[in-house]
Amino acid sequence: MNPAYATVDHTFTVPLDHRAPDGPTLQLFAREVADPARAGEELPWLLYLQGGPGGKSPRPSAGAPGWLPHALKTHRVLLLDQRGTGRSSPVTARSAAAFGTPSRLADHLAHFRADAIVADAELIRRELCGDTPWETLGQSYGGFLTLTYLSQAPEGLRACYVTGGLPGLDATADDVYARTYPRVRDRVRDFYARYPHDASRLRRIADLLAAGDVRLPDGDRLTPRRLRTLGLVLGMGDGFERLHWLLDESLDVAGELTDTFLHQVMSLTGFADNPLFAVLQESLYGQGDGPTGWAAARALADFPEFTEDADPFLLTGEMMYPWMFREIRGLRPFADAADLLAARTDWPPLYDPRRLAANEVPVAAVVYHDDMYVDAGLSLRTAREVGALRVWVTNEWEHDGLAASGGRVLARLREMAAGRA
């Protein structure tokens, strides 16, 4: 029996700093995937740009649902582990601790933003495709990368598809979080409306944590503010149910937190496998407009309904706070470097508004109307500012519609880019 996918592993050597090509290098990993029945054909390439930051590319499996089987009907797909993730010179708590000084680590991490990832992609494209442009599929943060790609090297692109990831071209971190807190508040209230008992249960757990020293399996203390970060899951299509069933097994008959609950909370909030998601979250918005300065933490003061003793107990979402880098084991080696990144003022621009306005590469993007992570208003503003971009707004799916739709989202975007929808 033929395997579900024909795969080829690739490794590439790229400069850490593309402005200094003779300096230190990184090893990047990417997996080429094709339909076994068409593996010998000259198929067009589709580069998948994973969400994140800090997320490795998906690993194909025989029963994997979503967009990949649809894409392989016509394309050869490249699943790239972006620099610092997966098998591409991964940045981990252990590797971070080896840098010796926070400034050296911060300088290293400054080379892991969208501009460097796009430069990596162009080196890879030229090695695999020569002068032939390829197509890209950008999920979430992958859409941010797409807009940087269109700003820096549109000649490498034949068409682009973006799912839940059109960034505000000039939005600062402060702009983003001023819009994020109300969306998260409304999502948590919707969760409580669906599962009213969970509101009292979370409040009870938070009070228990505030009153005592409760430890996770790795030794970290579980505090009310760390408990609140469980809200990060609520923006996905199965997020409400994931959180509900986690809470369903949270307390034993004596009213104590169960080992099952503590283990799952540690896994969901520990960032052991993707520390860059936390470390670089606010750096995504730095573009020479001053420091990001822990914008999510500063914005929190404007939303008193999020105080830890409030009832209902509101969870937080895709926000990173300074305390996380002192209290979460997997982030502690990054603590001082994260402070330096938050204070950095020399971030180069990631988007070229003039070039994007004149863009001629077909771009099709879906904006999820109720997206908890990426503000639909900013996305629609960007859609009006980018040439050759067609946008589809829907509330049928949450942020993970690309994977959850079984190929329907990608199919429609391809029709849009071709001018047939």
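These exercises walk through a predicted model of one protein chain.

**Exercise 1. The overall build**

Task: Find what the radius of gyration says about the overall form of the protein chain.

Solution:
- Start with the parts. The protein chain has 18 helices and eight strands.
- Take the extent next. Along its principal axes, the C-alpha trace spans about 65 × 45 × 45 Å.
- Now set a reference. For 421 residues, a compact globule would have a radius of gyration near 22 Å.
- Compare. The chain has 21 Å, so its value agrees with that of a compact globule.
- Check the contacts. Take those between residues at least 6 apart in sequence: 78% of them join residues at least 24 apart.
- Check burial too. Of the 421 residues, 57% count as buried.

**Exercise 2. Surface and charge**

Task: Describe the accessible surface of the protein chain and its charged side chains.

Solution:
- The accessible surface comes to about 17500 Å². Carbon and sulfur atoms hold 50% of that area.
- Count the charges. There are 44 positive and 56 negative side chains.
- Locate the two sets. Their centres lie 2 Å apart.

**Exercise 3. Three salt bridges**

Task: Work through three of the 27 salt bridges found in the whole structure. For each, place the partners and judge their exposure where a value is at hand.

Solution:
- Begin with Asp17 and Arg19. Their side chains meet in a salt bridge, at 3.1 Å from N to O.
- Judge the two ends. Asp17 has a relative accessible area of 18%, so Asp17 is buried. Arg19 has 71% relative accessibility and therefore counts as exposed.
- Go on to Arg125 and Glu122. This salt bridge has an N to O distance of 2.7 Å.
- Place the pair. Both residues lie in helix H4 (residues 114-129), three residues apart, or about one turn of the helix.
- Judge these ends. Arg125 is buried at 5% relative accessibility. Glu122 is buried, also at 5%.
- Finish with Glu327 and Arg225. Their closest N and O atoms are 2.2 Å apart.
- Place this pair. Glu327 is in helix H13 (residues 324-327) and Arg225 is in helix H8 (residues 224-228). The two are 102 residues apart, and the bridge links distant parts of the chain.
- Judge Arg225. With a relative accessible area of 30%, Arg225 is partly exposed.

**Exercise 4. A buried glycine**

Task: Place Gly317 and decide whether Gly317 is buried or exposed.

Solution:
- Gly317 sits in the loop between helix H12 (295-300) and H13.
- The cut-off for buried is under 20% relative accessible area. Gly317 has 4% relative accessibility, so Gly317 counts as buried.
- Look at the contacts. Beyond its neighbours within four places in sequence, Gly317 touches Val184, Gly231, Leu232 and Met372.

**Exercise 5. Backbone details**

Task: Locate two cis peptide bonds, one at Pro53 and one at Pro312. Then examine phi at Ser140 and Ala388.

Solution:
- The bond between Gly52 and Pro53 is cis, with omega about 5°. Pro53 is in the loop between strand E3 (45-49) and helix H1 (68-71).
- The bond between Asp311 and Pro312 is cis, with omega about 10°. Pro312 is in the loop between H12 and H13.
- Ser140 is not a glycine, yet its phi is positive, near 55°. Its loop runs between strand E5 (134-139) and helix H5 (141-152). Ser140 is buried, at 11% relative accessible area.
- Ala388 is not a glycine either, and its phi is about 60°. Its loop runs between helix H16 (376-385) and strand E8 (389-394). Ala388 is partly exposed, at 39% relative accessibility.

Notes
Residues are numbered from 1 along each chain as its sequence is written. This is a predicted model: local features need pLDDT of at least 70, side-chain atom pairs count only at pLDDT 80 or more; totals for chains, interfaces and linings use all residues. Side-chain values use heavy atoms; hydrogens and water are left out. A salt bridge is a side-chain nitrogen of Lys or Arg within 4 Å of a carboxyl oxygen of Asp or Glu. Buried means under 20% relative accessible area, exposed over 50%, partly exposed in between (1.4 Å probe, protein chains only). Helices (H or I, at least four residues) and strands (E, at least two) are DSSP runs, numbered from the N terminus. Contact means heavy atoms within 4.5 Å. The radius of gyration is taken over C-alpha atoms; the globule rule is 2.2 Å times the number of residues to the power 0.38. Accessible areas come from the Shrake-Rupley method with a 1.4 Å probe; for residues, only the protein chains shown count as cover. Lys and Arg count as positive and Asp and Glu as negative; His and the chain ends are not counted. The place of a charge is taken as NZ of Lys, CZ of Arg, CG of Asp or CD of Glu.
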